[in-house]
Amino acid sequence: MIKKLSLLISIILFGSAFGQKDKEVLQKQNADLKKQISSLNATLNQTKQESKLSISYLNAVNQKLTLREKVYNNTQKEKRFIEDDIYKRQLEINKNNRELEVLRKNYAEILVKAYKTKGVQNKVTFILSSRNMGEALSRIEYLKRYSEYQDKKAAEISNKANEIKKNIALKKKSVSEKENLLLSQKKDLATIEIERKQKQDLLNEFKKNEAKLTAEIKQKQVQSKDLERQIRNIIAEEIRLAKAKEEAERKAEAERKRLADIAAKKEKERIEAENRKKLADAEAERKRAEAELKKANDLAAKKLEEEKKLAETNKAAERKAAAEKATREAAERAKLANDKVVAAKANEAAINKKNEDAKDEAEKKVMKSYGVGSTVGSNFADNKGRISFPVEKGSVTHRFGRQPHPIFKNIVEDNIGIKIAVAPGTKARCVFPGVVSSIQAINGSRTVVVKHGNYFTVYSNLATTLVKANQQVSAGTLIGEVGSDFDESITLDFQIWSGENPVDPLGWVSY
C-alpha cells in the first residue's frame, strides 16, 4: 500500500514540474499584458484633453479592459497551479512523516539491540572468543559493517527530517504566494469593475450625442466620397500619362532597336572581316596538320607491315631490329602529327569563339549605347504582405470594405482604405520606394499620392506634408504629420490602389 502511495505521489510531483513551467509562462504573459496596459494608459492620458467621443478612444478603453480580463484569467490559472502545489507538498509531507516514523522505529530497535550487547566490552569479548584469527577478522568486519549500518540509519532519519522541513517551508511559501495573489485578484476585480463602468459611461455618452455624431459621420462620409472621386481622378490621370509615356517609350525603344540592329550588324561585319584572315590561317594550319598526320599514319602502317614480313622470313636479327626501330620512329612521328592536328583544331575553335564573343560584346555595347532594354519595372506586387506599416505605432479603427459602424448599427461604412489611430505628433511614412505623383489639399487636410509602378499608396488626413511632387521616396521616408479627424482623434487614412482599384491594405502591409 505504501509503495503504491509513493508511486502516486512521485507521479504528482513529476507533473508539478510541468505545472511550475506553465505558471512561469502565465507570469511572463501577465508581465507583458501589464506593459501593454501601461502603454494604453499613457495613450489615453495623452488624449484626455481631446474629445472622448471617438472610436479610437473607445477602442483603447475596450482593448485595455480586454487586457485586464486576460490578466485576471491568467491569475486564476496561476492560483490553481499554486493550490495544486500546496496539495502536492502536503502529500509529500505526509509521506515523509510516515517514512520518518518507520525509520525512527527501526533505529530504536537497533539501539535496543546494541544496548543488550553491552557496548564496547562485549564487542571485545566477541572478538577475543573467536576460535582462530580468520574468525576474529570476520567478526571485526561484521562489527564494522554493523556500526556503519547504524550511522546510515541515523543519517536517513536526519535527511528525512530535513526534507520535511524543506517541504513545510515550500508549502508556507506557496500559501503566502496564494494569499498575495488573492489580494492582487481582489484589486484587479475592483479595477475591472471601474473600467467596465467607464466603458458603459462612454457608450451612454455616445448614445446621448447620437444625433450630432450621426450627422457628423454622414458629413464625413460625403467628404470621403468627394476625396475618393478626386483620388480616382488623380490616379486615372497618372495611369493615362503612364500609358502615353509607355507607348511613346515603346515606339522610341523600337526605333532605338532598329538603329542598334543596323549598327550592331556593321560592327559584327567589321569584326568578321578582321578575323577572316586569322580564321583562314587557322583552317590552313589544321589541314596541313591533318595531311601530315595521314602521311605519318601511312608510313607507320608501311613500316609495321615490313616488320611483320621480316619476322615471317626469319631474316637476320640486325635487320629485324632495324625494322622494329623504324616502326617505333614512324609511330612517334604519327603521334606528333596527331598532336599537331589536335592543337590546330583547338586553335581554330578558340579563334572562332573569340570571334563570336567579340561580336556578342559589340552587339551588347551598341544596344547599351542606344539605350535598348534599360527599363526597370516595379516589384511592389512581389512584396505583398511584407510592405512596411505607414506609421511607427497605431491601431486600426476602421477596416476596408463595407463595415457596420462600431457604435451606431444603423450606419454602414464603405471604406476604400483603413483608418489608423495614432498619438499626437505622429508622422506618416512611405511604405515602399516610389515617386510622389500628387499632393492635394482636400477638405481642409492634405493628401499625398505615391506611385509605385502600377500601384499607388495614398496618405490622407495630414496636417502638414514633408515631401514634394515628383520627389523620389524610399520606404520609411516621412510623408507628413497626421492631423485630427472630425471627432478630434488623430487618425491617418491610408489606401493602396492596384491601378484604378482600391485593395485592402491589411492584405499588403506587415501589421
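A residue counts as buried when its relative accessible area is under 20%. Ser445 has a relative accessible area of 14%, and it is therefore buried. The structure described here is a predicted model. The protein comprises six helices and twelve strands, and 34% of its 511 residues count as buried.

**Overall organisation**

- Among contacts with a separation of 6 or more, 75% are between residues 24 or more positions apart.
- The protein has an accessible surface of about 31,900 Å², and carbon and sulfur atoms account for 54% of that area.

**Ser445 and its surroundings**

- Ser445 is located in strand 7, which spans residues 445-452.
- Once neighbours within four places in sequence are set aside, the contacts of Ser445 are Gln440, Asn461 and Leu462.

**Nonpolar cores**

- The largest nonpolar core contains 28 residues. Those with the most contacts inside this core are Ile420, Val450, Tyr459, Ile479, Leu492 and Phe494.
- Two or more residues of this core are contributed by each of strand 4 (418-421), strand 7, strand 8 and strand 11 (491-498).
- A second core, separate from the largest, has eleven residues, including Ile231, Ile235, Ile442 and Trp497.

**Aromatic pairs and the loop after helix 6**

- The structure contains five aromatic pairs.
- In one of the aromatic pairs, Phe380 and Tyr455 are stacked, with 5.0 Å from centre to centre and 25° between the planes.
- This pair links distant parts of the chain, 75 residues apart. Phe380 lies in the loop between helix 6 (317-369) and strand 1 (395-398), whereas Tyr455 belongs to strand 8 (residues 455-462).
- Both partners are buried: the relative accessible area is 0% for Phe380 and 16% for Tyr455.
- Ring pairs join Phe380, Phe432, Tyr455 and Trp508 into a cluster.
- Ala381 also lies in the loop between helix 6 and strand 1, and is partly exposed at a relative accessible area of 38%.
- Beyond residues up to four places away in sequence, Ala381 touches Tyr455 and Trp508.
- The C-alpha atoms of Ala381 and Asn454 are 9.0 Å apart, although 73 residues separate the two in sequence.

**Salt bridges**

- The count of salt bridges comes to six.
- Asp493 and Lys419 form one of the salt bridges, with their closest N and O atoms 3.0 Å apart. Asp493 lies in strand 11 and Lys419 in strand 4, so this pair ties together parts 74 residues apart in sequence. Both Asp493 and Lys419 are buried.
- Arg89 and Asp85 meet through their side chains in a salt bridge with an N to O distance of 3.7 Å. The two residues lie in helix 2 (residues 55-116), four residues apart, which is about one turn of the helix. Asp85 is buried, with a relative accessible area of 17%.
- Arg288 and Glu285 form a salt bridge at 2.7 Å, N to O. Because these residues are three residues apart in helix 5 (residues 210-312), about one helical turn separates them. Arg288 and Glu285 are both partly exposed, with relative accessible areas of 49% and 35%, in that order.

**Nonpolar surface patch**

- Met133, Leu137 and Ile140 make up a nonpolar patch on the surface, and their accessible area together is about 320 Å².
- Within this patch, Ile140 belongs to helix 4 (residues 133-208) and counts as partly exposed at 42% relative accessibility.

Note on methods
Residues numbered from 1 in each chain as written. Predicted model: local features only at pLDDT ≥ 70, side-chain atom pairs only at ≥ 80, totals over all residues. Heavy atoms only, no water. Buried < 20%, exposed > 50% of the residue type's maximum accessible area, 1.4 Å probe, protein only. Contact = heavy atoms within 4.5 Å. Areas by Shrake-Rupley, 256 points an atom, 1.4 Å probe, with all protein chains shown as cover. Patch = residues over 30% accessible without salt bridge, like charges linked within 9 Å, V, L, I, M, F, W, Y side chains within 5 Å. Salt bridge = Lys/Arg side-chain N within 4 Å of Asp/Glu carboxyl O. Phe/Tyr/Trp six-rings, centres within 6.5 Å; stacked < 30°, edge-to-face > 60°. Core = buried A, V, L, I, M, F, W, Y, C linked by side-chain atoms within 4.5 Å.
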